[in-house]
Protein chains: 2
Amino acid sequence: MHTEYPLLTTDAWITYIHSLQDRICAALEQTDGKARFTEDKWERDGGGGGKTRVIAHGDVLEKGGVNTSVVYGKVSEAMRSQLKINGEKWFACGLSLVLHPLNPFVPTVHANWRYFELYDAQHKVIDRWFGGGADLTPYYLFEEDAKHFHTTLRNAIAPFGESLYPLYKKQCDEYFSNKHRGNEMRGIGGVFYDYLRPADEADADRLFAFQRANGDSFLAAYIPIAEKRKQTEWNEKNKYWQEIRRGRYTEFNLIHDKGTLFGLKTNGRTESILMSLPPTVRFDYNYQPEKGSEEEKLLAACLHPEEWA
Amino acid sequence: MHTEYPLLTTDAWITYIHSLQDRICAALEQTDGKARFTEDKWERDGGGGGKTRVIAHGDVLEKGGVNTSVVYGKVSEAMRSQLKINGEKWFACGLSLVLHPLNPFVPTVHANWRYFELYDAQHKVIDRWFGGGADLTPYYLFEEDAKHFHTTLRNAIAPFGESLYPLYKKQCDEYFSNKHRGNEMRGIGGVFYDYLRPADEADADRLFAFQRANGDSFLAAYIPIAEKRKQTEWNEKNKYWQEIRRGRYTEFNLIHDKGTLFGLKTNGRTESILMSLPPTVRFDYNYQPEKGSEEEKLLAACLHPEEWA
């Protein structure tokens with residue numbers, strides 16, 4: 001399994017990412033039932049471009065984006081100082097998605113899978129790595145949903161080593177954390193990994209298969225939850241709480257998320273990067289959920305990461 | 001005028017700031033007509049504390065805060081690296097306010113006046129400075145309001161030097177700018193200054209008087225605008241646009257504002273710092289106002305700073 005085809009090339013990775021984008025968008029449109037993705041193709045000054053696909057005002061998806069980009073160029077000063085990168089040229093290709101459902105009982109989800117290559121002046125590869133993950137941000141905690149999401153990711157990763165899911169789950173809990181709010185997580189996590197560097201060509205193919213296993217597991221991890229909850233009746237109070245929690249999501253993305261900040265500070269495409277922000281958000285002073293409420297139960301799960309799988 | 005009493009002492013500055021907080025809150029309650037400020041007193045681990053006064057769900061003010069703090073302590077590693085500070089102990093006292101009106105025709109306003117002292121191990125003052133300013137964020141552009149706000153600030157500052165308003169106005173335009181959106185300003189500016197260091201004691205008293213002139217001008221700069229616009233009828237489309245612009249306000253505060261980020265990353269009181277965020281916010285993908293609309297006219301003023309006074 002670990003060395004199955006396709007072998008890792010940048011072309012094979014690009015083909016995979018674009019195919020995954022198509023599959024995910026098609027499945028999400030089917031779950032939504034009303035809205036359709038629209039595509040903005042963009043080009044990057046300095047090399048490459050992307051396909052930003054957004055959906056809005058759906059029956060299920062209030063706002064979402066499933067974006068791919070294939071970008072490359074010369075290593076800039078910002079990359080040298082902020083990414084600690086020392087080569088001459090670079091290549092990056094990945095898919096990023098964020099879905100903000102209308103219904104507060106359907107969780108928000110984020111996922112990203114990326115591959116990076118670094119070259120010397122002779123275009124020889126001097127470094128390369130994979131990164132990615134998927135994480136769930138519910139507004140109400142259904143333990144069966146949390147278990148389903150985490151178990152699906154764990155099972156997808158298991159063939160590559162039983163120790164990986166616990167490690168990447170822990171990294172996810174630590175990464176998606178609002179440090180300025182006592183390490184309150186933005187949701188209930190998933191998996192997060194970065195700088196997975198192949199030791200050799202066989203290892204590169206194995207890591208490529210690992211990325212595909214992760215990317216391919218996304219629909220199985222998320223769609224059943226969205227389908228199960230999308231018809232749940234909700235009221236103004238549920239919406240209010242969703243918008244308060246979306247405030248925390250906004251805080252994380254704009255204050256702490258390295259990808260967002262690096263993109264914005266290096267002249268990335270702002271609208272594609274900030275596609276991740278929720279459609280409607282509330283910031284109340286010192287908002288506290290009622291004691292013993294379902295809202296407080298969700299907050300407790302964000303403050304104290306649990307083992308779901 | 002420049003050397004009038006009171007002379008600068010930390011006590012005199014604290015007394016002034018608390019008195020200004022009382023005056024501003026009283027005037028805002030009168031303009032609102034319904035809501036009242038509530039006060040949260042807090043203490044800071046390591047020294048000092050503050051009085052956070054918030055107002056919400058008013059007839060005029062949907063959300064607002066007028067906060068003071070008097071804080072001091074030992075110089076931390078974060079202060080050394082991020083503020084480039086080299087002393088042993090420090091003192092800071094200031095007032096920060098942000099007002100988010102309900103009516104999209106009433107502008108949001110922000111102001112801050114602060115004083116900082118730095119000491120050596122023997123508690124001798126080795127550095128001290130004032131900083132502050134006020135800036136206006138309208139959702140619809142009324143030129144007479146922009147002129148009134150800027151002219152009031154300019155007139156308050158004029159006795160201290162005719163060259164100061166143009167300089168501090170330019171600094172304000174540059175500071176409150178969303179660099180990730182082509183230097184789009186969050187509003188139409190005002191004045192912004194920092195590191196005003198007294199050359200001697202007479203200069204310290206003069207700068208204290210300069211700060212009072214700024215602080216004392218706030219109500220005259222803002223209240224007449226709020227009074228003039230608070231009865232203007234508005235519709236859902238106006239609210240939508242206000243919430244889109246509040247999204248830009250959120251982006252600026254969380255991505256670029258040095259005070260916000262420094263506070264959050266050095267264990268400041270999160271709820272007092274993030275009081276500045278708007279009550280309800282919208283993030284649409286690639287939102288563009290209609291050509292020739294009032295919304296586009298406001299956006300143009302944010303993209304191309306004008307001379308208002």
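Two strands are said to pair here if DSSP finds at least two bridges between them, and the strands themselves (E, at least two residues), like the helices (H or I, at least four residues), are DSSP runs numbered from the N terminus. Residues are numbered from 1 along each chain as its sequence is written, while chains are lettered from A and ligands numbered from 1 in the order in which they are written. The model is a predicted one, in which local features need pLDDT of at least 70 and side-chain atom pairs count only at pLDDT 80 or more, whereas totals for chains, interfaces and linings use all residues.

A convenient place to start is the sheet of chain A. This is an open sheet of 7 strands in the order β1-β2-β3-β4-β5-β6-β9, with antiparallel pairing. Its edge strands are β1 (38-43) and β9 of chain A, each of which pairs on one side only, and the twist from one strand to the next averages 5°; angles of this kind run from 0 to 180 degrees between N-to-C directions, the axes being lines fitted to C-alpha atoms, for helices over the stretch in contact. Within the sheet, β5 (residues 108-119) and β6 (residues 125-137) of chain A pair in the antiparallel sense over 12 bridges, with A:T108 having A:T137 in β6(A) as its bridge partner. The two strands β5(A) and β6(A) form a hairpin with 5 residues between them, and A:H123 in the turn has a positive phi of about 65°. On towards the edge, β6(A) pairs in the antiparallel sense with β9 (residues 189-196) of chain A over 6 bridges; here the bridge partner of A:L136 is A:G189, and A:A134 stands opposite A:V191 in β9(A).

Chain B also has an open sheet of 7 strands, in the order β1-β2-β3-β4-β5-β6-β9 and with antiparallel pairing. The edge strands, each pairing on one side only, are β1 (38-43) and β9 (189-196) of chain B. Inside this sheet, β4 (residues 89-101) and β5 (residues 108-119) of chain B pair in the antiparallel sense over 11 bridges, and B:A92 stands opposite B:F116 in β5(B). Helix α5(B) lies across β4, β5, β6 (125-137) and β9 of chain B, running at about 15° to β6(B).

The helix that lies across the sheet also meets another helix. The axes of α3 (residues 143-157) and α5 (residues 201-229) of chain B come within 9 Å and cross at roughly 160°. That makes α3(B) roughly antiparallel to α5(B), given that angles under 35 degrees count as roughly parallel, over 145 as roughly antiparallel, 65 to 115 as roughly perpendicular and the rest as oblique. The crossing of α3(B) and α5(B) is right-handed, a crossing being right-handed if the near helix is turned clockwise from the far one by less than a right angle, and left-handed if anticlockwise. Among the residues of α3(B) in this contact are B:H148, B:F149 and B:L153, and those of α5(B) include B:A213, B:S217 and B:A221.

How do the two chains come together? In all, 24 residues of chain B are in contact with 24 residues of chain A, two residues being in contact if their C-beta atoms, placed from the backbone, lie within 7 Å. The elements of chain B that give two or more residues to this side are β2 (48-56), α6 (236-256), α8 (270-273) and β10 (280-282), and the largest share, 4 residues, comes from α6(B).

Helix α6 (residues 236-256) of chain A and α6(B) have axes that come within 8 Å and cross at roughly 50°. That makes α6(A) oblique to α6(B), and their crossing is right-handed. The contact is made by A:T250, A:E251, A:L254 and A:I255 of α6(A) together with B:T250, B:E251, B:L254 and B:I255 of α6(B). Strands take part as well, for β10 (residues 280-282) of chain A and β10(B) pair in the antiparallel sense over 3 bridges, and the bridge partner of A:V281 is B:V281.

The relation between the copies completes the picture. Chain B can be laid on chain A with an RMSD of 0.0 Å by a turn of 180° and a shift of 0.0 Å along the axis, where the superposition is by least squares on the C-alpha atoms of residues with pLDDT of at least 70 in both. The two copies are thus related as by a two-fold rotation axis. Of the residues of chain B, B:V281 comes closest to that axis, at 2.5 Å (C-alpha), and the same surface serves both copies, with 100% of the contact residues of chain B recurring in chain A.
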